[in-house]
Structure formats: structure tokens, C-alpha cells
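Me: Please take a close look at a single helix in this protein. I would like to know what it is built from, what surrounds it and how it sits in the whole.

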Amino acid sequence: MTATSTAPPRQLAALNPIQQLKAGHLPRRLVQLYVGLFLYGSSMGLMIQGSLGLDPWDVLHSGIIKHIPWSFGTVVIVMSFVVLLAWIPLRQWPGLGTVSNAIVIGLATDLTLATVDRPDALWVRILFMLAGVVVNALAGALYIGAQLGPGPRDGLMTGLVRRTGLSIRLVRTTIEIAVVAIGFLLGGAIGIGTVLYALSIGPLLHWMLPIFTVRLKPQPTD
């Protein structure tokens, strides 16, 4: 006899790639996924153009390229695969969103950089920085909440949350601070935007993610 199991309301479900696609509400989830990825890339572009500090992972990437003769993009790709290896003991499943993450976010970032000029006025740069952080949290909540597979770095966060039982706020903030510290030791560039991002992205995502997490239909189990 086949039983069913379902995650509590607004909780991220541990699904394999096939289950992710069969879990219901697919049109809504696809729209939410790609809107979230586009906004994520746009928020990165705003922070870059604001020139007040990179987000923590890019601090790490900028530090690594000072020691290895690779391009920035190559470091980002290699680090993505390194982080994916950490998914194995966490039993975190990739999915369509995981693959789309690298493509759509990069395109959205390039589009933002090509269409949004770097401002001279400090108050506009501060506005870019603040908007970048808030939109980044919203974007993360949208595409993670679509439950079609998080990006490599967000999957590390959700996997640790699921396995440890700790809050999203605590896990995300701890990861961001650790990444900034390692990047800084390697010579990566930091700024006030880096500090703001590291300290605020966890609480913001903790608040927003339950709002945008799509309830999925029960999945059959043996």
C-alpha cells in the first residue's frame, strides 16, 4: 500500500529533480523561479555599480583570483562545483533551478551593468547598495521558494538548515560572515555594502522565504 508524506505548510521539501517537477503548481513555480533569478542578477548589478562593497561570495572570488591565474568567471564556476560537493553529505538535491541559476543570474547581471550607469553621487550609490541587498533577499526567497532546486550556495544553506534544525537567519548569516572572512584573508575587496549584506541577508531571507515558499502536493513514498 502506498502512503503519502507532506512537508508542513511553508516548509522547504526534500525532493529529487523529478519530484520537484511533479509537485504541482508548476506554471506558477516556473514564473517565480525565473523572476527571482532575474531579480537576483539585477541586484548584483546594482551593488557592483554602487561601488560600496561586493557581496560575500564575490569577496571570496576576488580574493582567490589574486592567488590563482584564473578569470573571475572561472573561479565562480569552479567554486560552484566545490559547493555542490558539499551537498552530498547534506542529501541536498539539485534541480532545474540549480542549472538555471548560473545562466539567468549571469545574463541579468550583464544586462543591468549594460543599462544602469555607475552614479557619481554618493547618495545614489547608497541607494543602489540598499536596493541591491533588499532585492537580493526578495529574489532569493522567490527562486528558493519555488522549490525547483536552489543555486549551489543557497542549496548549501537550505541543506544545513534541514540537517541541523537551525534557523535560516543563523545559518545564512554564519555562512556569509565566514565567506567574507576567508575572502578578506585572501585579499578580496570589501566595503560597507559587504558588511551590510552579510549582517542583513540572513534575517531578511528568514522573514521573506516563508511568504514565497510554494505549498507542494503530497509526494508518494513506499
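Reply: The expected span of a helix is 1.5 Å times one less than its number of residues. The model here is a predicted one, and the helix chosen is α9, residues 168-185. With 18 residues, α9 reaches 26 Å from its first C-alpha to its last, close to the 26 Å expected at 1.5 Å a residue.

The buried positions of α9 are Ile 168, Val 171, Arg 172, Thr 173, Ile 175, Glu 176, Val 179, Val 180 and Gly 183. An α-helix has 3.6 residues a turn, so residues three or four places apart point the same way. The partners of the buried residues of α9 are five helices: α2 (26-50), α3 (56-64), α7 (122-145), α8 (152-164) and α10 (192-212).

Two charged residues are among those buried in α9, namely Arg 172 and Glu 176. Buried means under 20% relative accessible area. Arg 172 counts as buried because its relative accessibility is 5%, and Glu 176 counts as buried because its value is 2%. Side chains of opposite charge can pair when their charged atoms come close. Here the side chains of Arg 172 and Glu 176 form a salt bridge, with 2.5 Å from N to O. The two residues are 4 residues apart in α9, about one turn of the helix. The structure holds 1 salt bridge, and the pair Arg 172 and Glu 176 makes a salt bridge.

Just after α9, Gly 187 takes a positive phi of about 100°.

As for the setting, the protein has 10 helices and 2 strands, and along the sequence they follow the pattern β-α-α-α-α-α-α-α-α-α-α-β. Of its 222 residues, 46% are buried. Among contacts with a separation of 6 or more, 83% join residues 24 or more positions apart. The radius of gyration is 18 Å, which agrees with the value near 17 Å for a compact globule of 222 residues. Along the principal axes, the C-alpha atoms fill a box of roughly 65 × 30 × 25 Å.

The accessible surface of the protein comes to about 11200 Å², and carbon and sulfur atoms hold 72% of that surface. On the surface, Leu 21, Tyr 34 and Leu 96 make a nonpolar patch of about 240 Å². Leu 96 lies in helix α6 (residues 96-115) and counts as partly exposed because its relative accessibility is 35%.

Terms used
Residues are numbered from 1 along each chain as its sequence is written. This is a predicted model: local features need pLDDT of at least 70, side-chain atom pairs count only at pLDDT 80 or more; totals for chains, interfaces and linings use all residues. Side-chain values use heavy atoms; hydrogens and water are left out. Patches are made of residues with over 30% relative accessible area and no salt bridge: like charges are joined within 9 Å, nonpolar side chains (Val, Leu, Ile, Met, Phe, Trp, Tyr) within 5 Å. Accessible areas come from the Shrake-Rupley method with a 1.4 Å probe; for residues, only the protein chains shown count as cover. A salt bridge is a side-chain nitrogen of Lys or Arg within 4 Å of a carboxyl oxygen of Asp or Glu. Buried means under 20% relative accessible area, exposed over 50%, partly exposed in between (1.4 Å probe, protein chains only). Contact means heavy atoms within 4.5 Å. The radius of gyration is taken over C-alpha atoms; the globule rule is 2.2 Å times the number of residues to the power 0.38.
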